[in-house]
Amino acid sequence: MKYLDHLRELRNRILFSFLFLFLSFIFFFFNVKYLGDVLTKPLFSLLENSPNQRMIFTSLPEVFVSNLKISLFTSFLVSAPFFIIQIILFISPALYKNEKKFFIPLIILSPFFFIAGVLFAYYFLVPVIWNFFISYENLLNNSFPIELESKYSEYIKLIMFLLFASGLSFEFPILIILLTKIGVFNYHFLSKNRKFFFIGILIFSAFFTPPDVISQIGIAIPLIIFYEFSILFIKIFISKKNA
């Protein structure tokens with residue numbers, strides 16, 4: 001295939017990807033009420049039978065802009081597998097047979113790992129964090145009246161940030177294995193420098209989570225487990241083949 005043909009194919013695949021993203025965004029924007037219900041459920045389930053089971057907004061465009069962010073965030077999640085398919089179709093002709101057997105499964109698994117991270121945060125991490133924050137309402141009520149008044153835009157921003165950080169953290173083993181395969185890391189380097197990677201994991205967890213220990217530990221523990229799993233995978237499936 002000629003150079004211009006490659007560019008034309010790349011252009012078409014990028015256009016298809018953005019068209020799919022745009023159509024997904026339109027669909028989710030007109031159904032954003034259901035997405036809002038899903039995102040607020042972790043909080044409202046903890047406030048069941050409470051008068052605080054509501055949210056406020058303090059500026060006219062706040063809800064509209066937040067709904068745009070929700071629609072865009074969800075459309076990216078849904079479009080990720082389609083993007084991956086386009087990448088595979090574009091690069092697969094240039095790969096050798098043994099490279100296809102290794103890289104293509106990794107690329108296919110990456111969006112599923114990301115979605116698994118999002119689900120982990122939604123069903124486990126977020127409820128624990130919300131419960132931790134809400135506990136301060138009961139703690140301070142003994143001294144003076146204090147009630148939760150959640151602001152819609154701040155809540156949406158925080159929960160999407162947590163979902164994204166968790167999804168990103170679940171890509172960690174894919175990244176480690178990929179970098180090892182192309183020669184950046186090896187089994188002995190990863191084993192010897194484990195403590196430095198753990199420090200990096202703690203820094204990542206502190207940067208991508210709210211300033212509380214619960215959420216930081218909730219992100220750090222899966223990352224450490226994934227790191228150890230990656231080392232084991234590299235030792236069994238990569239190091240032996242390179243030996």
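The largest pocket holds about 350 Å³ of space, and it is the place to begin this tour of a predicted model.

**Stop 1: the centre of the largest pocket**

Select Leu-43, Phe-133, Leu-148, Ser-150 and Tyr-155. Of the 15 lining residues, these are the closest to the centre of the largest pocket.

**Stop 2: the elements around the largest pocket**

Next, colour α4 (97-140), β2 (150-151) and α5 (152-169). Each of these elements supplies at least two residues of the lining of the largest pocket. Which element gives the largest share? That is α4, with five residues.

Now colour the lining of the largest pocket by residue class. Nine of its residues are nonpolar, one is polar and five are charged.

**Stop 3: the second largest pocket**

Move on to the second largest pocket, with a volume of about 280 Å³. To show its lining, select Leu-35, Val-38, Leu-39, Phe-73, Thr-74, Leu-77, Ile-115, Val-118, Leu-119, Tyr-122, Tyr-123 and Leu-163.

**Stop 4: the elements around the second largest pocket**

Keep α4 on display and add α2 (32-46) and α3 (62-91); each of the three supplies at least two residues of the lining of the second largest pocket. Here α4 gives the most, with five residues.

Finish with the class colours on this second lining. How many of its residues are charged? There are no charged residues in the lining of the second largest pocket, which has 11 nonpolar residues and one polar residue.

Technical notes:
Residues numbered from 1 in each chain as written. Predicted model: local features only at pLDDT ≥ 70, side-chain atom pairs only at ≥ 80, totals over all residues. Heavy atoms only, no water. 1 Å grid on protein atoms, 1.4 Å probe; cavity = no way out; pocket = protein on both sides within 12 Å on 5 of 7 lines; lining within 4 Å. Points joined across faces, edges and corners; volume = space filled by probe spheres on them. Helix = DSSP H or I, 4+ residues; strand = E, 2+ residues; numbered from the N terminus. Nonpolar A, V, L, I, M, F, W, Y, C, P; charged D, E, K, R; others polar.
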